[in-house]
Amino acid sequence: RQAGLLRSVRGAAGGHLLAKEPRQITLWEIFEALEGTEPLVPCTAKPDACPRVNACVTREVWSEVQAACHQVLENTTLQDLVERAKARQQTNAGMYYI
């Protein structure tokens with residue numbers, strides 16, 4: 001709720017609802033609200049966290065992994081997940097097994 005993704009409704013039929021349309025909420029927003037903004041490996045955001053930063057070849061790989069994860073999550077919305085689920089249900093709905 002603090003991240004602005006949910007709103008609460010009081011009362012007998014109350015609960016939590018999305019604060020925005022599903023197409024406006026990215027998985028990155030959800031991830032960031034739940035997990036924070038810490039990188040997978042600290043040295044990717046803070047080079048001075050490790051004395052071997054200039055010689056470390058894995059730091060580049062972790063930076064690429066971090067960027068790829070961010071891009072996928074930023075480009076995927078809740079609506080995308082709904083559409084994927086519907087497509088999967090339609091694919092499996094017409095199958096008959098004997």
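This passage describes the fold of a single chain in a predicted model, from its overall dimensions to selected residues.

The chain contains 3 helices and 2 strands. Read from the N terminus, these elements follow the order β-β-α-α-α. Strand β1 spans residues 6–9 and is followed by a loop before β2, which covers residues 15–18. A further loop links β2 to α1. Helix α1 comprises residues 27–35, helix α2 residues 58–74, and helix α3 residues 78–93.

The radius of gyration of the chain is 20 Å, whereas a compact globule of 98 residues would have a value near 13 Å. Along the principal axes, the C-alpha atoms occupy a box of roughly 55 × 50 × 20 Å. Buried residues make up 14% of the 98 residues. The exposed surface amounts to about 8100 Å², of which 54% is supplied by carbon and sulfur atoms. When contacts between residues at least 6 apart in sequence are considered, 45% of them join residues at least 24 apart.

Two C-alpha separations that end at Asn54 illustrate these dimensions. Ala13 and Asn54 are 41 residues apart along the chain, and their C-alpha atoms are separated by 57 Å. For Pro22 and Asn54, a sequence separation of 32 residues corresponds to a C-alpha distance of 42 Å. Ala13 is located in the loop between β1 and β2. This residue is classed as exposed because its relative accessibility is 78%, and the cut-off for that class is over 50%.

Helices α1 and α2 are in contact. Their axes come within 6 Å and cross at roughly 120°. On the α1 side the contact involves Leu27, Trp28 and Phe31, which meet His70, Leu73 and Glu74 of α2. By residue type, the contact of α1 with α2 consists of 4 nonpolar residues, 1 polar and 1 charged. Glu74 is the charged member of this set, and His70 is the polar one.

Helix α2 also includes Gln66. The side chain of Gln66 reaches the backbone nitrogen of Leu40 at a distance of 2.9 Å. With neighbours within four places in sequence set aside, the contacts of Gln66 are with Pro39 and Leu40.

A further set of contacts involves the loop between β2 and α1, where Pro22 lies, and the loop between α2 and α3, where Thr77 is found. Apart from neighbours within four places in sequence, Pro22 is in contact with Thr77, Leu78 and Gln79. On the same basis, Thr77 is in contact with Pro22, Arg23, Ile25 and Thr26. The contact between Pro22 and Thr77 therefore joins the loop that precedes α1 to the loop that follows α2.

The two residues fall into separate accessibility classes. Thr77 has a relative accessible area of 12% and is therefore buried, the limit for that class being under 20%. Pro22, at 21% relative accessibility, counts as partly exposed, because its value lies between the limits of under 20% for buried and over 50% for exposed residues.

The position of Thr77 can also be related to that of Leu40, the residue whose backbone nitrogen is reached by Gln66. Thr77 and Leu40 are 37 residues apart in sequence, with a C-alpha to C-alpha distance of 22 Å.

Terms used
Residues are numbered from 1 along each chain as its sequence is written. This is a predicted model: local features need pLDDT of at least 70, side-chain atom pairs count only at pLDDT 80 or more; totals for chains, interfaces and linings use all residues. Side-chain values use heavy atoms; hydrogens and water are left out. Helices (H or I, at least four residues) and strands (E, at least two) are DSSP runs, numbered from the N terminus. A polar contact is a pair of N or O atoms within 3.5 Å; within protein, one must be able to donate a hydrogen and the other to accept it, and residues adjacent in sequence count only if both atoms are side-chain atoms. Contact means heavy atoms within 4.5 Å. Axes are lines fitted to C-alpha atoms, for helices over the stretch in contact, and angles run from 0 to 180 degrees between N-to-C directions. The radius of gyration is taken over C-alpha atoms; the globule rule is 2.2 Å times the number of residues to the power 0.38. Buried means under 20% relative accessible area, exposed over 50%, partly exposed in between (1.4 Å probe, protein chains only). Accessible areas come from the Shrake-Rupley method with a 1.4 Å probe; for residues, only the protein chains shown count as cover.
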